[in-house]
Amino acid sequence: ICLGKKKAGQAGTTIGNAILLTVTASLLLTFFYFVCMTPLLNFFGASVNEKTFELAKEYFTYIAMGVPAYMFGQAMNPIIRSTGAPKFAMIANIIGAVSNIILDPIMIYPMHMGMMGAAVATVIGQVVTAVLSIVYLMRMKTIVLHKKDFLWSHSLQKEFLPLGMTSLLSQISVVASMAAVNTMIVRTGAVDPIFCQAQYAQIPM
């Protein structure tokens, strides 16, 4: 919007405040994840048995650590596109995803990291995307960021939140549907003559 109005200086302040909001929200979310880890895992069906819970907890722990990198990369992607570099935005996401795909089997099998390896590979991919985003922001030609751009602006934050609400509700609906499916899987498995047995209980999930 700012670039459309030919206000590059205000666009810099917008980016700075978007970064502040993203970092703040991601740190709060990470804290929430660790504090509410057990209830969240139970909510998504991880309590089907002890083994499933331990694997889910192991994966969740490392994924939660990577939340700031993930959120930063995802938040900067539309900003990079808006500043006139859609190809770079796409490449940053692709490189992160490919890094994850390559590292997954390496960390799970040859390095014998198992579930932790899968989670760490995912986080590394997210970090790669975040780092590429930072590199782009530092070398932008359209907008030059200054220290003053990172001063908190309540008026800007009020504009951000309604714009992001649609995406937030969309994400929450996906999460809710996943939780519903997992709940049905656990309940259906519990009444199945095969999967109600302790040694097979985790298979449907």
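**Exercise 1. The segment before helix 1**

Task: In this predicted model, establish where K6 is found, what is unusual about the sign of its phi, and whether K6 counts as buried or exposed.

Solution: Begin with the position, since K6 is found in the segment before helix 1, which covers residues 8-35. Turn next to the backbone, where K6 has a positive phi of about 60° although this residue is not a glycine. Finally, take the accessibility: the value for K6 is 73%, and because the cut-off for exposed is over 50%, K6 counts as exposed.

A second residue can be treated in parallel. H112 is found in the loop between helix 5 and helix 6, has a positive phi of about 55° without being a glycine, and counts as exposed at 69% relative accessibility.

**Exercise 2. The chain as a whole**

Task: Describe the chain by stating how many helices and strands there are, which box its C-alpha atoms fill, and what share of its residues is buried.

Solution: The secondary structure comes first, with 7 helices and 0 strands, so that from the N terminus on the elements run α-α-α-α-α-α-α. The C-alpha atoms, taken along the principal axes, fill a box of roughly 65 × 40 × 25 Å. Of the 205 residues in the chain, 32% are buried, while the chain exposes about 12,600 Å², of which carbon and sulfur atoms supply 71%. As to the contacts, those between residues at least 6 apart in sequence join residues at least 24 apart in 70% of cases.

**Exercise 3. A threonine in helix 1**

Task: Determine whether T22 is buried or exposed, and which residues T22 is in contact with once its neighbours within four places in sequence are left aside.

Solution: T22 has its place in helix 1. Its relative accessible area is 10%, and since buried means under 20%, T22 is buried. With the sequence neighbours left aside, T22 is in contact with M71, F72, A75 and M76. Helix 4 covers residues 67-82, so these four partners of T22 fall within the range of that helix.

**Exercise 4. The two sides of helix 5**

Task: For helix 5 (residues 86-108), check the span of the helix, then state which residues are buried and which nonpolar residues form a patch on the surface.

Solution: Start with the span: at 1.5 Å a residue, the 23 residues of helix 5 should span 33 Å, and the end C-alpha atoms are 33 Å apart, which agrees.

Next, list the buried residues of helix 5, which are A89, A92, G96, S99, N100 and M107; they pack against helix 4 and helix 6, the latter covering residues 114-138.

Then turn to the surface, where M90, I91, I94, I95, V98, I102, I106 and M111 form a nonpolar patch with about 680 Å² of accessible area together. I91, one of these residues, lies in helix 5 and is partly exposed, with a relative accessible area of 43%. The spacing within both lists can be read against a general rule: an α-helix has 3.6 residues a turn, so residues three or four places apart point the same way.

Last, look at one buried position in detail. S99 is found in helix 5 and counts as buried at 18% relative accessibility. A polar atom of the S99 side chain lies 2.7 Å from the backbone oxygen of I95, and, not counting residues up to four places away in sequence, S99 touches G125 and V128.

**Exercise 5. The loop between helix 6 and helix 7**

Task: Locate H146, state how many Å separate its C-alpha atom from that of T13, and then say which side chains meet in a salt bridge.

Solution: H146 lies in the loop between helix 6 and helix 7, the latter covering residues 154-191, and counts as partly exposed at 42% relative accessibility. Although H146 and T13 are 133 residues apart along the chain, their C-alpha atoms are separated by 8.3 Å.

The structure holds 1 salt bridge, in which the side chains of K148 and D149 meet at 3.6 Å, N to O. The two partners can then be set against the accessibility classes: K148 counts as exposed at 51% relative accessibility, whereas D149 is buried, with a relative accessible area of 1%.

Terms used
Residues are numbered from 1 along each chain as its sequence is written. This is a predicted model: local features need pLDDT of at least 70, side-chain atom pairs count only at pLDDT 80 or more; totals for chains, interfaces and linings use all residues. Side-chain values use heavy atoms; hydrogens and water are left out. Patches are made of residues with over 30% relative accessible area and no salt bridge: like charges are joined within 9 Å, nonpolar side chains (Val, Leu, Ile, Met, Phe, Trp, Tyr) within 5 Å. Accessible areas come from the Shrake-Rupley method with a 1.4 Å probe; for residues, only the protein chains shown count as cover. A salt bridge is a side-chain nitrogen of Lys or Arg within 4 Å of a carboxyl oxygen of Asp or Glu. Helices (H or I, at least four residues) and strands (E, at least two) are DSSP runs, numbered from the N terminus. Buried means under 20% relative accessible area, exposed over 50%, partly exposed in between (1.4 Å probe, protein chains only). The expected span of a helix is 1.5 Å times one less than its number of residues. Contact means heavy atoms within 4.5 Å. A polar contact is a pair of N or O atoms within 3.5 Å; within protein, one must be able to donate a hydrogen and the other to accept it, and residues adjacent in sequence count only if both atoms are side-chain atoms.
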